[in-house]
Amino acid sequence: MGARKTVLVVDDSQAVLDMLASAFEEAGFEVSAAGDGEEVFRRMAEADPDAILLDVYMPKLNGADVCRLVKAHPHWKKTYLVLMSSRISDRELDMYRKLGADEILRKPFDPDAAVALVEKATAAPAPRD
């Protein structure tokens, strides 16, 4: 059996963090969590996640900025990144995809759907540079 996959969940809502952490842990993932955009990079250095679920609207550093910085980083640019938002326009969807978001989930969503997305995307991991 291979190493457990790690997911980083980033949201300023403790309820969302708890809900997603529970779903991913039940699916066998290691879970790391961050409550704001600045904390993401500390958690990434500690956990080296296979996937990130990232809220768009957060304090300190928003999801768009985090997405851009993650996808520009040589080591993390291939990390599967899912943006989450309850309010997102079609124009914003296009912008987030151009920034490198692999998927966008509109809140509210079923946590099992998020797990299924990440399981599928991380089943055959892309090689890291």
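Which residue in E2 does Val10 stand opposite? Val10 faces Ala34 there. The model is predicted. Its five strands make an open, parallel sheet. Val10 also belongs to the largest nonpolar core, which holds 22 residues.

**Sheet**
- The strand order is E2-E1-E3-E4-E5.
- Strand E2 (30-34) and strand E5 (103-106) lie at the edges, and each pairs on one side only.
- From one strand to the next, the twist averages 20°.
- E1 and E2 run parallel and are joined by five bridges.

**Helices on the sheet**
- H3 packs on the sheet and touches E3 and E4.
- The direction of H3 makes about 155° with that of E3.
- H4 also packs on the sheet, where it touches E4 and E5.
- The direction of H4 makes about 145° with that of E5.

**Nonpolar cores**
- In the largest core, Val10, Ile52, Leu54, Leu81, Leu83 and Tyr96 touch the most other members.
- Strands E1 (6-10), E3 (51-55) and E4 (80-85) each give two or more residues to this core.
- Helices H2 (39-47), H3 (63-72) and H4 (90-99) do likewise.
- H3 gives the most, with four residues.
- A second, separate core has 18 residues, including Phe29, Leu105, Val115 and Val118.

**Contacts of Leu81**
- Neighbours within four places in sequence are left aside here.
- Leu81 is then in contact with Ile52, Leu54, Cys67 and Val70, among others.
- Its further contacts include Lys71, Ala101, Asp102 and Glu103.
- Of these partners, Ile52 and Leu54 are also listed with Leu81 among the core residues that touch the most other members.

Key:
Residues are numbered from 1 along each chain as its sequence is written. This is a predicted model: local features need pLDDT of at least 70, side-chain atom pairs count only at pLDDT 80 or more; totals for chains, interfaces and linings use all residues. Side-chain values use heavy atoms; hydrogens and water are left out. A nonpolar core is a set of buried Ala, Val, Leu, Ile, Met, Phe, Trp, Tyr and Cys residues joined through side-chain atoms within 4.5 Å. Buried means under 20% relative accessible area, exposed over 50%, partly exposed in between (1.4 Å probe, protein chains only). Contact means heavy atoms within 4.5 Å. Two strands pair if DSSP finds at least two bridges between them. Axes are lines fitted to C-alpha atoms, for helices over the stretch in contact, and angles run from 0 to 180 degrees between N-to-C directions.
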